[in-house]
Structures are given as structure tokens and as C-alpha cells.
Amino acid sequence: MKQYDVVALGELLVDFTENGKSIQGNPVLEANPGGAPCNVLAMLNRLGKRTAFIGKIGDDMFGSQLEAALKETGIDTRGLKKDKTVNTTLAFVHTKEDGDREFSFYRNPGADMMLCGDDLDMGLLSDCKIFHYGSLSMTHEGCRAATRKAIQEAEENGALLSFDPNLREPLWGNLEEAREQILYGLGHCHILKISDNEIRWLTGEEDYDRAVGMLQEKYPIPLVFLSLGKDGSRAYGKDCRAEWPAYVQEHTIETTGAGDTFCGCILSRILEIGWKEYGKGELEQMLRFANAAASIITTRKGALRVMPRRDEIDALTFAWH
């Protein structure tokens, strides 16, 4: 028996999100704990799973805020390191009229980039059932080497590997480099969560079934989950395909964290059912649960601290049944 259900590596940062205007008409920004890997872990913790995070923050006020948020959420912080010379990474999120988002990052450098191989807690990587990673920890040489070392350690110890590319174009020197690193991630994962815009960019294919087929032909990924925003989601196993519509709500505020919430729910169901070749019905149930949770998070500011409870998710799926 392994101590941790899921260990994730990557960025932990502050998402500044818009929260109205001041008396003078200036935008008011709220400092929300964020970072895709930790959002995934927060959803898993909400569902009763044991998680731990590996990453780096600055030894500053924002780093302290983030560390406290992880502890409050129940995520194990023994793999969290502090950098005394580089500040915590900051992201400013602008929500457009159509609900889509634009990001401005203060990360030149940011503390999450400073993670190196010597920072890794190898005990965490050898003692987890699932290791989850993204591509933001591959943008620069030092943290890229640390990510690859962590992947190797998790592989050697029999963990399932979960990958979410989570492409953020402004953080890459060029998109060819991004493509190279994301393809590396694809080459090692058992579970891939990818969005509609990411798979179009990666394959150049507008037909999603064909795009997933292209990826699975080149990389033998047993399980692919495709998030389609308002159009729901799809799942692709070895010999079957499933899909489920989105739970579109009137009170949606923003989509920050929706994909991470979806991913956390998928990993939770895999842990509960067990790793195997899933049938269409099982994949549909995964998508149904994950879509509902993602829908709930779009009605809340932030993500990491406000993940939905299981009873809320079940109530939404029942109401829409």
C-alpha cells in the first residue's frame, strides 16, 4: 500500500482575478491561491484522497499565503521548497466577455521555475499511486530536468502517470519548444487530460476523434480525456469512446480551474474503480461526475479553496438527469 493517492509536481502561484472596481474606477484584484497541479490536488482532497505537492515558492508574503492554503486544504507540503532570492510567481487573469481568459505572468524568473533535481523528495515519488504533472514545469532547463527526473522516479516505482499539458503560450520562448516538451510528456503518461484548443494546436486537426487517434497512434496512451468547454467532454479508451454534455449554468462567473477540477475528479474515479480497461458506461460515469464538478467551480471565484463537495456534485448530476 502506498501512502499517497496522488503526488503532483509543478507551479504554485497567486492568481490575481478581477473582483469589481474601486470607488475611483480602478479594477480590484483578488489574490487567489492557484496553479493547475495544486488545483487538481485540492479537488482530490475534497473527495477524500491523500495528496502531496512538489514545487517551489518564494520566501515572501505570497509564498506564505500559498503554503497556508495548501495546509488548509489538506495537501501534504513536505515537498514544497522556498527560494530566498526569487519571488513567488504571480499570474493576472483577465476574463473576457465570452468567459474565456487572458493571462499575464510575472515569472522572469518566478520561484516555481527554480525547482531543481536536488529539491525533489524522492520518497514522495516512490510512495504514490498516481504522479501528475503538466508542461509549465518544463519551460526552462532547470525545472525541466527536475520534472524529467521525477517522471523517471515515479515510473520506476510503478505509479500511473497523469499529464495535463495546460499550454500557456506567453511562458514559452517559442511554440516549437513547447511542442517538443509536451510531446515528451505524452510519451510517458498513462492518463492524458487535454483541452480542445490544445489538441487542435498540437495536431493541426479540427476533427477531435481523428486528432486523438493521431496521438494514440504515435503514443500508446491508454486513456485520453478531452475537455470541450460548453460542449462537454469525451473519453477515449483502447477500443471505446464516450462523451457527456456540459452542465451549463446561468451563474457562471469564470472558467478558472474548471479543467483542473475535471481532472481531479477523473483521477479520483480511477482510484476508486481501479486501473483497468474501462467500458463505455464506466467512462460516461467518469465524465458525468467530472463535468458536474467543473460546472460548479465556474460559479465561484478562485478554485483551490472552493472545490465542490461530493454531495454537491451528486446533487447537480441528479438534478440534470
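Two cavities of 30 Å³ or more turn up by the rule applied here, in what is a predicted model. The largest cavity comes in at a volume of about 50 Å³. Its wall is made of E11, A36, P37, H132, Y133, G134, S135, L136, D164 and N166. Sorting that lining by element, α1 (36-46) and β8 each put in at least two residues, and β8 provides the largest share, with three. As background, rolling a probe the size of a water molecule over the atoms shows where empty space is left.

Strand β8 leads straight on to the sheets. It sits in an open sheet of nine strands, ordered β5-β4-β1-β8-β9-β10-β11-β12-β13, and the pairing is mixed. The edges are taken by β5 (76-83) and β13 (241-244); each has a single partner strand, so one side of each is left without a neighbour in the sheet. From one strand to the next, the twist averages 15°. Within this sheet, β1 and β8 run parallel and are joined by five bridges. A8 has H132 of β8 as its bridge partner, and H132 is also one of the residues lining the largest cavity.

Two helices lie over parts of the nine-stranded sheet. Helix α6 (residues 196-203) lies across β9, β10 (191-195) and β11 (223-227), and runs at about 95° to β10. Helix α9 (residues 280-297) covers another stretch, lying across β11, β12 (233-236) and β13 and running at about 30° to β13. Strand β11 thus appears in both lists, under α6 and under α9, while β13 is the edge strand noted above.

There is also an open sheet of four strands, with the order β3-β2-β6-β7 and, again, mixed pairing. Here β3 (27-34) and β7 (101-106) are at the edges with a single partner strand each, so one side of each is left without a neighbour in the sheet. Neighbouring strands are turned by 30° against each other on average, with direction ignored. Strand β2 (residues 13-21) runs antiparallel to β3, and seven bridges hold the pair together. One such pairing matches E18 with L29 in β3. In general, strands of a sheet pair through backbone hydrogen bonds, either parallel or antiparallel.

Turning to the helices, α4 (residues 141-156) has 16 residues and spans 23 Å between its first and last C-alpha, close to the 22 Å expected at 1.5 Å a residue. Its buried residues are C143, R144, A146, T147, A150, I151, E153 and A154, so charged side chains such as R144 and E153 fall under the 20% relative accessible area cut-off along with the rest. The cover over these buried positions includes β1 (4-9), α3 (122-126), β8 (128-134), β9 (160-164) and α5 (175-186). Among these, β1, β8 and β9 are strands of the nine-stranded sheet. Just past the end of α4, G158 adopts a positive phi of about 80°.

Helix α8 (residues 258-273) also has 16 residues, and reaches 23 Å from first C-alpha to last, close to the expected 22 Å. Buried positions in α8 are A258, D260, T261, F262, C263, G264, C265, I266, L267, S268 and I270. They include the unbroken run from D260 to S268. What follows α8 is G274, with a positive phi near 100°.

Technical notes
Residues are numbered from 1 along each chain as its sequence is written. This is a predicted model: local features need pLDDT of at least 70, side-chain atom pairs count only at pLDDT 80 or more; totals for chains, interfaces and linings use all residues. Side-chain values use heavy atoms; hydrogens and water are left out. The expected span of a helix is 1.5 Å times one less than its number of residues. Buried means under 20% relative accessible area, exposed over 50%, partly exposed in between (1.4 Å probe, protein chains only). Two strands pair if DSSP finds at least two bridges between them. Axes are lines fitted to C-alpha atoms, for helices over the stretch in contact, and angles run from 0 to 180 degrees between N-to-C directions. Contact means heavy atoms within 4.5 Å. On a 1 Å grid over the protein atoms alone, a cavity is a set of points where a 1.4 Å probe fits but cannot get out, and a pocket is an open set with protein on both sides within 12 Å along at least five of seven lines; lining residues have an atom within 4 Å of a point. Grid points are joined across faces, edges and corners, and a volume is the space filled by probe spheres set on the points.
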